[in-house]
Amino acid sequence: MAARKKMAGWLWSLVLLFAATTVQAQDRQITGKITDRSNGSPMVGATVTVKGTTISTATEVDGTFRLSVPANAKTLVISSVGFQTTEVPVTENVSVSLVTGNDALSEVVVVGYGSQIQRELTGNIARVKSKDIENLPLPSVDQALQGKAAGVYVNSQSGKLGQAVTVRVRGNSSISASSQPLYVLDGVPITSDDQSSYGGAMNPLIDLNPNDIESMEVLKDAAAGAIYGSRAANGVVLITTKRGKTGKTSISANFQTGVAEATRRVPFLSAQEYAQMFFQAAGYRDNEGGIDPNDPDSWTSYARSFLDYYSFGQWSETSTANYDWQDKAFQKGNYNQADIQMNGGNDKTKFFASLQYMDQIGTIVGNNLKRLAGRLTVDHAATNWLNVGFTSSLSRTTTRRLPGDNAFSNPVQASALPNITPFTDPETGLLTGTPPGDEFRTLYFNPFISIEYARYVQQSYRNFSNAYAQAKILPGLNFRSEFGLDLLAQQEEGYWGKENNRNTSAPNGVGEYRSAFVFNYNTNNYFTYNKEIGKSNVEAVLGMQFQKSRANYSYVEGRDFPSNAYQKIASAATKSDGSSSQTEFSFLSYFARVNYKYDDKYLLSLSLRRDASSRFGRNSRNGYFPAASVGWILSEENFLSKSDVLSFLKLRASYGIVGNAEIGNFPQLGLYIGDAGYAGAAGQRPSQIANPNLKWETTKQFDIGLDFGFFNNRISGELDYYVKNTSGLLLNVNVPATSGFTSQVQNVGKLENKGIEIVLNTQNLVGAFKWSTSLNMARNRGKVVDLNGQVIEGGVGSMNRVMEGQPVGVFYTVEYAGVDPQNGDALFYRNTNNNGQLDKSTVNAAGYNSAQRVVTGDPNPDWVFGFTNNFSYKGFDLSVFFNGVTGNQINIYGMGRYSSANFRFEDNQTRDQLAAWTTPGQITDIPQARLYRNNGAQISSRYIVDGDFIRLRNLTLGYNLPTSVVNRLKLSKLRVYVSGQNLWTITNYPYWDPEVNADDFDSNIAKGNDFYTAPQPRTILFGINVGL
Amino acid sequence: MNMRRIINICLAVFFLTACEKKLDLSPTQSISQENALLTEGDVKVTLIGAYDGLQSVTLYGGDIQVVNELLGNTDNILFTGTFAGLADIHALEITTQNTFARDTWIQAYNTINRVNNVLSALDKVTSSPEERDRIEGEALFIRSALYFELVKLFAKTWGDGDNNANPGVPLILTPTAGISESDYVSRNSVAQVYAKVIEDLTRAESLLPTSNTIYASKGAAAAMLSRIALMQGDYAAARDAANRVIASGEYSLEGNFENLWYLYMNNGGANPAEYIFSMTVTQQDGANSMNTYFGISIGVAGTGGRGDCKILGAHLNKYEEDDVRGEFFAQVGANFYTQKHLDIFGNVPVVRLAEMYLTRAEANLRLGTSVGDSPLDDVNLIRDRAGLDPLPAVTLQNILNERFLELAFEGQALSDAKRTRSNWSGNAWNSELLILPIPQREIDVNSNLVQNEAYD
């Protein structure tokens, strides 16, 4: 109610504002023609803008334009992708020919509450443009940043469709709070945290059609980010959607279709190898116990009865049957997508509209995703001093989810089932383990039963809307007011038929229905001022922002369904569980920024933001986040401007303070919670210890960078060095559990990230055959400086650890020392501290508890890089994009403890276990197989492996049909292409995919864990793009 | 045009669009701790919260019993489950990171804090002295039961060396409002823990009503006291406490052994009159982790579980022919499972009357007394219910054997082996390996805690 009142208040004020203003300016008409200097041909779609205004148009097919400009307009700015931006004085008839070139420097870059020319930036902003985002077989836009933006590390985590991805901008700067960047869509900070309740975290960015996006700017340093204050420490990703352009209405359609399959498989034992090794492991136990293998109570007899039972009596020494359970987890996926986009307009009104349908069938059985998304954007010049605009999108995303990696029903866990077990129960003809047949005939629950007789579908409806009014108050002074909202309505429905009883303990079926409703609104109101005085140019911004987000959740569970024909809770005989809940947060902020430029050479930028939030304690509610940056364009100086070699050189430096407030809602309060009922009586319990002093994490960041261009910018690039010092970490500080609590959120501890970033763009060939290369690479080194003595663990086997002097989440384990060649014992280094020397003597399993843990790996990569080559010749274009990481380790203990564990358990084993020790003197890394005995399956560095990889992420070959052909078809464009995603991976990683983060374990610190995690899909697409 | 006016309007728009009040948001599912314990009603719901804690799967929801059963128990159970923490407990390859040891520790103290909150606010209970007594008695019962379980799991057995020197577990008796130096506690001695538990349970028994539905009653406190006394070898106290429970007439032996189980499937979730204290499981609340690990689906609707604990032939052979308890195993494939925990929503028994008869019999026999009844009569009562012929005469071994079979897989056998100084699956009764480690996270955060010998 209050919100509505407030809305009405400022809308009314705007109406007053309109009424108070009289239009006095006199317009005049100008015309012109823009051509390409290299061949004199007319340029279609070049943008002509009156400098310092938003008055602009685009050229027609014949290169001409017509524009109504204010009487006092002096300069026109003409720009087009691939050409140098040119400024000319306003005349009645303008004729300009543009020069080709690397025009990156003159491109307009979106910054917080405004935009800036790349050349004049003093902060570090990485930009990914629409052509790098469009038509990739990726459900969410954040994945398009992978390998494209230096210093931005993207890990897709798993091959399950639509699940969360890890995005780290310049390292991990938090431990307990989120480390994901802030996503701002057309000025609105959007809901980007998981809202799902099943399996791994989902990615709410899948609701956004990537083809609607004009550009994504990643604000990396404090100079760029501090205007977002307490929410900028993890970087800010500004997503800007496409808007209409003046000129002929253009309609384009794109269709693409393709196939996908999982990138990699893991070699497992065949049925016969499994049986042989089982007998080998059982034989050890008989030998050890002095038991005659022929004794019916011997381990060997047990092995025989085991093989007999799990193979329905089919297994024998001579049987050749082999049921590849791993293979059944994977399927040929496919991908279909259709897009229509339309844009156009005149001087007064411009529009953009789009529609997309995407249908993806995953490479893991039972996984699919569909999206239907539409968008309409209108910009209108209401008067010569007032512009208004509106954009709204609506999408529906439907995902059939897979369970979390840790669930028996995760299809990839079928790999654990021995290949002796038939897929089908010969007695019932149903999937093995389906009742009324024996439910226990598969070693573990058969996950394909849940694919066949259960489903979990998530459907989200998402509306992003944004309206703005921008008024010119005085020459150079504008006021802009924006109101935006992000509405996320999501429902999840799950049903597990009675056939899943072994997994669900619901003998008559169980179903659930969940809803999440997130209403997030935001308003930005700010002045911009621009003034040129002699050689000085000043740009200033002053404004406020208010955001509030409220989330409501509800849930109902029912049991006992008449049959699988009834899957809604309405038919459940017992409504066994239910709840509803609500949470909310708000931010109120004021911000200011001044950019000063002198003589086109010397740049200075200062910014300040004041943030207050409902998330923080009463005693520390307001925070101030200043930043300052300077730039010096050396190439404008006389001593360099004459150089033929050097075309551009800018030195920039910045320092500022940003914060991180992503700690969930109400962490500062001492709370009781009313969820502690017992046997039908309501109850309450203490749930949280208060901390009235709680505030954001503070990150002080220093950045120094060099932007350069050589040979008329044919070679250009950026070099950056940064130091980020985070203090007052929002930490779930462990407290003695004897207090009744395990942690308290405190501002404790410090960590540091230092790194370098290198960007190099070259135009190798510029003739008819064009070849350009783009390389970016970054090295980040994170270090926990101070943790106040805290020990924080996470991940599979609690092997990830946060400790002082190390990067966040290092693997901290006992060190594996291989196998004793004499007896096949697994050995571990003692690593006890002996007067500063680590004791490198070894112990076997019996002495394992006396071996000390040491750092045996780091899930954070050293180098992250992307390498793109673009070729074009006549109508053909080819793009080859590699990316990769080096120097990180992965923890495979999740599956390794069962499946690479020389028969610690009965799971099918990876084929490398065939090398298990058998004879004295044998040198091997795999300990002797001792059935059910833990000989080396303890937590150790045996299960920490290198995760380096280089991946051919995308290869696209396209052909634009010649204009003559296209014109005959009455089209403006016709392009066909073939595109491949994840075509080739170079790695030594032993399991499925080195790009991994097991979803059930994922947290800030629990990175680099593999737990039967699905590999990325390899997708091949054929596409056609038609322009009218 | 009047520029000043425009600017003024813009400024007004700009600065008035939000106010700081919008930042005062409160959670909706929680309330602040200052407002949580103000009335008698608040105290009562907090007591329910303590039962909720006690019922956690990591406590009497079943893990305490499961861990007691699995700890090194290779003579009776083949454990093939994938929970590494339990596999290690079964194989006695426990590490200090063991998640079951950790979670039971954390949840026990969490629940103790709930109890301490109740006890700190007893002055709010003003409706009647009886109500106040009941609340205090129940709270003391919950806390004492937990300390007894903790000291058995995490410390040396009573009498294994010097009880005054052996570290027990920290005794926390006041609620936690904030974290200060005093929260970095040390372990109290085994003797101190037992003394406090006996003091509190004795008071609880005096305060509690005889009948108290599913909540702790006078009989529950006495039954727990009998267990503690037995553990200490104080047979007179054990005998008298057990006799008080039997003589109260509040409980009676179920005629048919099988009717003690499948309570949700066959009895609508109601307890038989033999149950003295149990954790009530409903479809909406609570879980039975005995069922999780010992249970399995036997093709009958309502049964389920992971089937991790396979009962070995060696155990099955211990029953006499015709013993209904020996028939109370289900075969699935080549493996056998106890039928005591197959019901997915079955209540979790903590203590039942049969144990009181066996305790009284053992204590009477050891003391040469016949308080209540003779040892022979008490044992034959239990044998008769199991479909066995009465014994003509009874020895201590007879009673211990009967106790082992009657209470099999209910979490009592390890304590019995320890107190009778018996070998346990090839390990000495006082093996350091039969004690859980103090959780590593607790040692890491609180340097005042000493680790148990086997893990140091």
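These questions and answers go through chain B of a predicted model and its contact with chain A.

Colleague: How many helices and strands does chain B have?
Modeller: The C-alpha trace of chain B spans about 115 × 55 × 50 Å along its principal axes. Of its 456 residues, 55% count as buried. The count of elements is 17 helices and seven strands.

Colleague: Among contacts in chain B between residues at least 6 apart in sequence, what share joins residues at least 24 apart?
Modeller: A contact here needs C-beta atoms within 7 Å. Pairs under 6 apart in sequence are left out. The share joining residues at least 24 apart is 66%.

Colleague: Which helix gives the largest share of the largest nonpolar core?
Modeller: That core has 130 residues. I142(B), V151(B), A221(B) and M224(B) touch the most other members. The largest share is 13 residues, and it comes from residues 129–154 of chain B, helix α6.

Colleague: Where does the other core lie, and which residues are among its members?
Modeller: It lies apart from the largest core. It holds 101 residues. Among them are F279(A), A414(A), L751(A) and L827(A).

Colleague: Which residues does A221(B) touch, not counting those up to four places away in sequence?
Modeller: A221(B) is one of the residues with the most contacts to other members of the largest core. Its list of contacts includes E205(B). In full, A221(B) touches F141(B), L201(B), A204(B), E205(B), L208(B) and A216(B).

Colleague: Which helices do the buried residues of α14(B) pack against?
Modeller: Helix α14 covers residues 375–385 of chain B. Its buried residues are P375(B), D378(B), V379(B), N380(B), I382(B), R383(B) and R385(B). An α-helix has 3.6 residues a turn, so residues three or four places apart point the same way. The buried residues of α14(B) pack against α13 (353–367) and α15 (396–406) of chain B.

Colleague: Which residue with a positive phi follows α14(B)?
Modeller: Helix α14 ends at residue 385 of chain B. The phi of the residue in question is near 80 degrees. That residue is G387(B).

Colleague: Which element gives the most to the side of chain B that touches chain A?
Modeller: The contact takes 80 residues from chain B and 83 residues from chain A. Elements giving two or more residues on the chain B side include β1 (30–32), α2 (40–54) and α5 (99–120). By class, that side has 37 nonpolar, 31 polar and twelve charged residues. With ten residues, the element that gives the most is α1(B).

Colleague: Which residue of β1(B) stands opposite L671(A)?
Modeller: Strand β30 of chain A, residues 671–673, pairs with β1(B). The pairing is antiparallel, over three bridges. Opposite L671(A) stands S32(B).

Notes
Residues numbered from 1 in each chain as written. Chains lettered and ligands numbered in written order. Predicted model: local features only at pLDDT ≥ 70, side-chain atom pairs only at ≥ 80, totals over all residues. Contact = placed C-beta atoms within 7 Å. Helix = DSSP H or I, 4+ residues; strand = E, 2+ residues; numbered from the N terminus. Nonpolar A, V, L, I, M, F, W, Y, C, P; charged D, E, K, R; others polar. Pairing = 2+ DSSP bridges. Buried ≥ 20, exposed ≤ 12 C-beta atoms within 10 Å, placed from the backbone. Core = buried A, V, L, I, M, F, W, Y, C linked by C-beta atoms within 7 Å.
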